[in-house]
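Here is a look at how some helices pack and how some aromatic rings sit together. Have the 3D view open as you read.

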Amino acid sequence: MSSPPPQPPDALKPWYYQGWFIVPTFVWWPCSAILFIRSPWHNGVVSGALSWAWIIVGGGWIFLRTQLRFQNGEPLVDPTLLALAAPGIFLTIVTQALWLTRDRPRIRRIRDTGGFAAYAEPDAGLATSQRHREESPEHPRRSNRGSVRSRRRRR
């Protein structure tokens, strides 16, 4: 099995993965669970299992509450449900849109071009990454698929 990608340093954490934001999102279902599942900073088995359980239990609670209101002939729009779930769903959409469009590609780009050494040690930043590039030999990348010409030669 391949090892998981390295965990980015805390200096690269966006605002919605900072501790001050993670704590209140437990009230706003399902924002905290989705943030934990998608986060490279919280990639443990326990946090993932608890997050999936939080999503399943919350979804079940919403389903059962809606079913009970339907059976009792009450309107399906539940003000309590709206007050608890609507802010969390809105925040989930906002944070995931920011993660997919801005922060995740930036972290992948940094990881692929030399790692997180520049962010781990604030003093050694640029000098460490330049030294690492000078020590490692440059190998040209090969494409995964050969061209038509190279496939003809193999026959």
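Let's start with a word we'll need: a residue counts as buried when its relative accessible area is under 20%, as exposed when that value is over 50%, and as partly exposed in between. Keep in mind that this is a predicted model.

Now, is tryptophan 99 buried or exposed? Its relative accessible area is 4%, so tryptophan 99 is buried. Tyrosine 17 is buried too, at 1%. These two residues form an aromatic pair, and it is edge-to-face: the ring centres are 5.5 Å apart, with 80 degrees between the planes. The partners come from distant parts of the chain, 82 residues apart: tyrosine 17 lies in the segment before helix H1 (19-22), while tryptophan 99 belongs to helix H4.

That isn't the end of the ring story, as the count of aromatic pairs comes to five. Another of them joins tryptophan 15 and phenylalanine 21, with centres 5.1 Å apart. Their planes meet at 75 degrees, and edge-to-face needs an angle over 60, so this pair is edge-to-face. Here the burial differs: phenylalanine 21 is buried at 7% relative accessibility, whereas tryptophan 15 is partly exposed at 35%. Zoom out a little and you can find one aromatic cluster made of Trp15, Tyr16, Tyr17, Trp20, Phe21 and Trp99.

On to the helices. Two packed helices are described by the angle between their axes and the distance between the axes. Here are those values for two contacts of helix H2 (residues 31-38):

| Helices | Angle | Axis distance |
|---|---|---|
| H2 and H4 (residues 79-112) | about 25 degrees | 8 Å |
| H2 and H3 (residues 45-71) | about 145 degrees | 9 Å |

How do H2 and H4 run relative to each other, roughly parallel or roughly antiparallel? Angles under 35 degrees count as roughly parallel, so H2 and H4 are roughly parallel to each other. From H2, the contact uses Cys31, Ile34, Leu35 and Arg38. They meet a longer list in H4 that includes Gly88, Leu91, Thr92 and Trp99, the tryptophan we saw paired with tyrosine 17. By type, the residues of this contact divide into six nonpolar, four polar and two charged.

With H3, H2 makes a left-handed crossing. Ser32, Ala33, Ile34, Phe36 and Ile37 of H2 make this contact with Ser47, Ser51, Trp52, Trp54 and Ile55 of H3. Those residues split into seven nonpolar, three polar and no charged.

Definitions and conventions:
Residues are numbered from 1 along each chain as its sequence is written. This is a predicted model: local features need pLDDT of at least 70, side-chain atom pairs count only at pLDDT 80 or more; totals for chains, interfaces and linings use all residues. Side-chain values use heavy atoms; hydrogens and water are left out. Axes are lines fitted to C-alpha atoms, for helices over the stretch in contact, and angles run from 0 to 180 degrees between N-to-C directions. Helices (H or I, at least four residues) and strands (E, at least two) are DSSP runs, numbered from the N terminus. Angles under 35 degrees count as roughly parallel, over 145 as roughly antiparallel, 65 to 115 as roughly perpendicular and the rest as oblique. Contact means heavy atoms within 4.5 Å. Ala, Val, Leu, Ile, Met, Phe, Trp, Tyr, Cys and Pro count as nonpolar, Asp, Glu, Lys and Arg as charged, and the others, Gly among them, as polar. A crossing is left-handed if the near helix is turned anticlockwise from the far one by less than a right angle, and right-handed if clockwise. Rings of Phe, Tyr and Trp (its six-membered ring) pair if their centres lie within 6.5 Å; planes under 30 degrees apart count as stacked, over 60 as edge-to-face and the rest as tilted. Buried means under 20% relative accessible area, exposed over 50%, partly exposed in between (1.4 Å probe, protein chains only).
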